[in-house]
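Visitor: I have a structure to look through, and I would enjoy some company. Could you walk me around it?

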Amino acid sequence: MSEATADIGVIGLGTMGANLALNIAEKGFTVAVYNRTTAKAHALKADNPDLAGNIVPAETLEDFVASLKPPRRVLFMVPAGPLVDEEMEKVGPLLSGGDVMIDAGNADFHDTVRRSKAVEGTGLHFVGMGVSGGELGARHGPSIMVGGAKETYGSLKPILEKIAAQYQGAPCVAWLGPDGAGHFVKTIHNGIEYADMQMIAEIYGIMRDGLAMQPDAMAGIFRDWNTRGLASYLIEITAVNLAEKDPDTGKPMVEVITDEAGQKGTGRWAVIEAQKLGIGATTIEAAVAARGLSARREERLQAAKTFADVKTPASGFQAGDAAMAELESALEAAKIIAYAQGYATMASASDEYHWNLPLGTIAEIWRAGCIIRSHFLDDIAKAYDGGARVVNLLQSPHFVERVAAGQAALRQVVARAVLAGIPVPALSAALAYFDDYRRARGTTNLTQAQRDLFGAHTFHRLDKDGVFHHHWPAV
Ligand code: 6PG
């Protein structure tokens, strides 16, 4: 049996698990590692001689557990779903009171709530932890969203604060609430990630199909935008994506990649949860739907032939600095609206599940390490400064000003794109949400009248308190 020397253990040495283990080892902690294919655990040590002294590979789960110092901390980085339950069932019986199991995968927060309940009364602790930043983030500093008992976080904090990304010296990790809070927040992070990426892709579509720009020129624009308000990891990588050439053909890489987006499900979960809460996260919905439609490529190719005769007016987009400035402002306004929807979803979930989510802290720990990292998140953090109660970011003075300034550009861009037949589902969803949100008198008075006519569903009146039913003429 191994000596108990490890501060924490990682089960699952795929890309994320292996990189997280190396990150932990590099920060001076001893990490036990276990993988179903045990060769991977030994390879991790052998391939990283600089860190080998801090890596303890295990052949069996028993050995793995025995190598951990109590209270034992076991971090699972296995694909979300039944595999997490399987691993927990195997490891759980080997642990004892006070030990902690951490699921660091992209779990559905409902599973995290269920798993937290399952360990209740066993003396074990369960933590659901969202980790963002991809491979490089895991290796050098991800953003970490923790859910579980606060005391349990206390025992993990020294390790997590060291391995997390740092934003101006502040670690991008925080305890966000009990049971599923961390994984819920990660799900919304991913939903926002989807919306952000979709809106960037729509702007690319306008540049390509409305302005006949070449990828190199587009790359230059995105590089420029990355110096101001839109500056973010996603804008930065877009410039890199657009500038890259295919070594086989010499063509821009983006031109040889098929237009079929993959998705693992977190964006969809974000939409489902927002819907359940009655929040219109319409930009995320549009992004998820656009990925779904993109994946039906054969069908789209057929539809392109079916509607080949449908002509749209020539694009109203005109090349030049003014056009670029308009696209930049439009994207910025739409981005604010997308983030406002994500934050509204978290605020509502916080009330619904009594999590008391620290929305400002969430913005703070997203400023570095994660996929949506940007200075823009610092502006969101400031909106929540001092625990300010923000009903919706679109009511927060800083963003009111920015959206008011950018909405005209968004309107122009969406209108031109629509007329030219260039799909902009997320940008137009953002605009429609903005217009609906700021409209004092909406149109669901008619919806209520219809519901009352066919189902006696009742309605409220503007001029009297109470619940009313009207005797509509028979139809
Ligand atoms: C992150 C990412 C990551 C996610 C990928 C791919 O925060 O590091 O969100 O968790 O797995 O971005 O997600 P899709 O396959 O759904 O696009």
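Visitor: How many Å apart do the C-alpha centres of domain 1 and domain 3 lie?

Guide: Happy to help, and please keep in mind that this is a predicted model. The chain is divided into domain 1 (8-179), domain 2 (187-437) and domain 3 (443-475). Taking the C-alpha centres of domain 1 and domain 3, the separation comes to 55 Å.

Visitor: Thanks! What is the strand order in the open sheet of eight strands?

Guide: The pairing in this sheet is mixed. Its edge strands, each pairing on one side only, are β3 (55-57) and β10 (173-177). From one strand to the next, the twist averages 25 degrees. Reading across the sheet, the order is β3-β2-β1-β4-β5-β6-β7-β10.

Visitor: Which residue stands opposite Ile8?

Guide: Strands of a sheet pair through backbone hydrogen bonds, either parallel or antiparallel. Here β1 (residues 8-11) and β2 run parallel, joined by four bridges. In β2, the residue opposite Ile8 is Val31.

Visitor: Are the residues on the two faces of strand β2 buried or exposed?

Guide: Strand β2 spans residues 31-34 and is covered on both faces. Val31 and Val33 are on one side, with Ala32 and Tyr34 on the other. The state of all four is buried.

Visitor: In what sense do strand β5 and strand β6 pair?

Guide: Strand β5 covers residues 100-103 and strand β6 covers residues 125-132. Val100 stands opposite His125 in β6. Over four bridges, the sense of the pairing is parallel.

Visitor: Let's turn to charges. How many salt bridges does the structure hold?

Guide: Side chains of opposite charge can pair when their charged atoms come close. One such pair is Asp436 and Arg439, with an N to O distance of 3.2 Å. Asp436 counts as partly exposed because its relative accessibility is 48%, and Arg439 is partly exposed at 40%. Over the structure, the number of salt bridges is 28.

Visitor: Which residues are joined into one network by salt bridges that share partners?

Guide: Sharing partners is what links these salt bridges together. The residues in the network are Asp85, Asp103, Asp111, Arg114 and Arg115.

Visitor: Lys90 and Glu87 meet in a salt bridge; why does Glu87 count as buried?

Guide: Their side chains meet at 3.4 Å, N to O, and both residues lie in helix α4 (residues 82-91), three residues apart, about one turn of the helix. Lys90 has 38% relative accessibility, so Lys90 counts as partly exposed. Buried means under 20% relative accessible area. Glu87 therefore counts as buried, with a relative accessibility of 2%.

Visitor: How many residues apart are Glu332 and Arg402?

Guide: The side chains of Glu332 and Arg402 meet in a salt bridge at 3.1 Å, N to O. This pair links distant parts of the chain, with Glu332 in helix α15 (residues 321-352) and Arg402 in helix α18 (residues 397-420). Arg402 is buried, with a relative accessible area of 18%. Along the chain, the spacing between Glu332 and Arg402 is 70 residues.

Visitor: One last stop: about how much accessible area do Leu453, Phe454, Trp472 and Val475 have together?

Guide: These four form a nonpolar patch on the surface. Phe454 is placed in helix α20 (residues 444-455). Phe454 counts as exposed because its relative accessibility is 63%. Together, Leu453, Phe454, Trp472 and Val475 have an accessible area of about 490 Å².

Technical notes
Residues are numbered from 1 along each chain as its sequence is written. This is a predicted model: local features need pLDDT of at least 70, side-chain atom pairs count only at pLDDT 80 or more; totals for chains, interfaces and linings use all residues. Side-chain values use heavy atoms; hydrogens and water are left out. Patches are made of residues with over 30% relative accessible area and no salt bridge: like charges are joined within 9 Å, nonpolar side chains (Val, Leu, Ile, Met, Phe, Trp, Tyr) within 5 Å. Accessible areas come from the Shrake-Rupley method with a 1.4 Å probe; for residues, only the protein chains shown count as cover. Buried means under 20% relative accessible area, exposed over 50%, partly exposed in between (1.4 Å probe, protein chains only). Domain bounds come from an automatic or database domain assignment. Two strands pair if DSSP finds at least two bridges between them. Axes are lines fitted to C-alpha atoms, for helices over the stretch in contact, and angles run from 0 to 180 degrees between N-to-C directions.
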